[in-house]
Amino acid sequence: MADKRVRIKEVLAEQLINHQLTVMGWVRTFRNNQFIALNDGSTNANLQIVIELGKFDDALLKRITTGAALKVSGTLVASLGKGQKVELKAEQLEVLGDSDAEKFPLQPKKHSLEFLREIAHLRFRTNTFGAIFRVRHSLAFAIHDFFNKKGFIYLHSPIITASDAEGAGETFHVTAFDLENIPKTDQGTINYKEDFFGKAANLTVSGQLEAELAALALGDVYTFGPTFRAENSNTARHLAEFWMIEPEMAFADLEDDMNLAEEFIKYIIKYALDNNRDDLDFLAARLAEEEKQKPQSERSEMSLIEKLEFVVNNDFERLTYTEAIDILQNSPANKKKKFHYPISGWGIDLQSEHERYLVEKHFKKPVILINYPKEIKAFYMRQNDDGKTVAAMDILAPGIGEIVGGSQREERLEVLENRMQEMNIPVEEMSWYLDTRRFGTVPHAGFGLGFERLIQFVTGMTNIRDVIPFPRFPKNVEF
């Protein structure tokens, strides 16, 4: 069946007038018992199917309802009507799957994003989500394309681990225990020795530590897979399950790390602009309509396409954390107490509102911040000579704030061990990680990029739950 099918995107692009072809898809609308708008997911554009009056039985025509799946064979002809250049004159028509018009949730009208999240199993059939997930696919392909061209090796890091790479403790536990009858030790604690892995295990929060092991043998590697955070944040910016891209480079410092991250972001955005322009134009128009509902002061100064092209064609602004604090502390927003979290001084962890101020108000371009206070960063980041900061970098993007977090890693064994002890990281349990510093240590660096936040940036979507097929967040694990 499928080998005879031509995708609607190809039909509309090639416009092979008078050619016989077969298309398959889902009915968007059926007008006057004569005109079917058919969509197969390859593009937001529909192909108009024209039915000659009296050619097909009324019983068959009654089954052509919104949501029904059809197989149509016929001749492609030039369209005499408005709205399309070509149409398919139906000669054979088969209903592959019926759809009860009264029960089908996606009627031909505008639906709210909130409603569509409740029927995430069907929202793929809308124009908005068709465009989003085609863009998501292209960005995923571009990620592999970029790293492959640069000679990086793709590493499949484990989903189940015994370590918390961030030291945050917000992990999902993995167990084979009967939760109604958990074995205990004589001291009354959980006896993990009787569990499946013989020790406490959790879903990964990052593939970074494993990537470091591989990079210190293979040179340049990257991971790209799901990660998990049991952070009870029910916001438009957080997910419990999301995808991360984490490259790791041996023989590299913070400067190399920044250069790679900037080149990487520009490459994959340009790939989407070059290969998904129709979808991005649709999403740009959708965003422009959404922006009209906001006060003038909150509207973006650039359209979605302008913003993406600006990022691709301009250097990112680079400055230190210390310089950023000075800018924020002296900003009108801080002096007029417009920040929800006022800038009190050096050493604080920047909030999203601070990051977005730097990007959207002050520099009006993506920003790379470096050299953060060591107290607010992870144990593995290389300590700078000032004793106060670490060689860390974050990339901040318009609309969403932090999109990349990275650092030069601490390659000095003694310094790393001391830092782990300060932060109560179990040194003995992490002996496997420290072996890379014991045997042929080298300077190395890497970063993590949240894939969904990148998709948000590229598509202009404001809620992260709308750029992943089936979002996982507190009290929600549907589908």
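A residue is called buried here when its relative accessible area is under 20%. The legends below describe a predicted model.

**Figure 1. The aromatic pair of Phe339 and Tyr357.** Phe339 is buried, and Tyr357 is buried as well. A pair of aromatic rings is described by the distance of the centres and the angle of the planes. The structure holds 22 aromatic pairs. In the pair of Phe339 and Tyr357, the ring centres are 5.7 Å apart and the planes meet at 85 degrees, an edge-to-face arrangement. Phe339 belongs to the loop between α10 (332-335) and α11 (352-363), whereas Tyr357 is part of helix α11, so the pair ties together parts that are 18 residues apart in sequence.

**Figure 2. An aromatic cluster.** One cluster is formed by the rings of Phe146, Phe147, Phe152, Tyr154, Tyr222, Phe264, Tyr267 and Phe447.

**Figure 3. Charged side chains over aromatic rings.** Lys388 lies over the face of Trp346, at 4.7 Å from the ring centre. In a second contact of a charge with a ring, the charged end of Arg437 is placed over Tyr433, 4.4 Å from the centre of that ring.

**Figure 4. Helix α14 and the residue that follows.** Helix α14 spans residues 451-459 and is mostly covered, with nine of its nine residues buried. Among these buried residues are Phe451, Leu454, Ile455, Phe457 and Val458. Glu452, Arg453, Gln456 and Thr459 of α14 are likewise buried. Just after the helix, Gly460 adopts a positive phi of about 80 degrees.

**Figure 5. The whole protein as the setting for the close-up views.** The secondary structure comprises 14 helices and 16 strands. Along the principal axes, the C-alpha atoms fill a box of roughly 85 × 60 × 45 Å. The protein has 479 residues, of which 49% count as buried. Among contacts with a separation of 6 or more, 68% involve residues 24 or more positions apart. The exposed surface amounts to about 24000 Å², and carbon and sulfur atoms supply 50% of this area. The protein carries 58 positive and 72 negative charges, and the mean positions of the two sets are 7 Å apart.

Definitions and conventions: Residues are numbered from 1 along each chain as its sequence is written. This is a predicted model: local features need pLDDT of at least 70, side-chain atom pairs count only at pLDDT 80 or more; totals for chains, interfaces and linings use all residues. Side-chain values use heavy atoms; hydrogens and water are left out. Helices (H or I, at least four residues) and strands (E, at least two) are DSSP runs, numbered from the N terminus. Buried means under 20% relative accessible area, exposed over 50%, partly exposed in between (1.4 Å probe, protein chains only). Contact means heavy atoms within 4.5 Å. Accessible areas come from the Shrake-Rupley method with a 1.4 Å probe; for residues, only the protein chains shown count as cover. Lys and Arg count as positive and Asp and Glu as negative; His and the chain ends are not counted. The place of a charge is taken as NZ of Lys, CZ of Arg, CG of Asp or CD of Glu. Rings of Phe, Tyr and Trp (its six-membered ring) pair if their centres lie within 6.5 Å; planes under 30 degrees apart count as stacked, over 60 as edge-to-face and the rest as tilted. A charge sits over a ring if NZ of Lys or CZ of Arg is within 6 Å of the ring centre and within 35 degrees of the ring normal.
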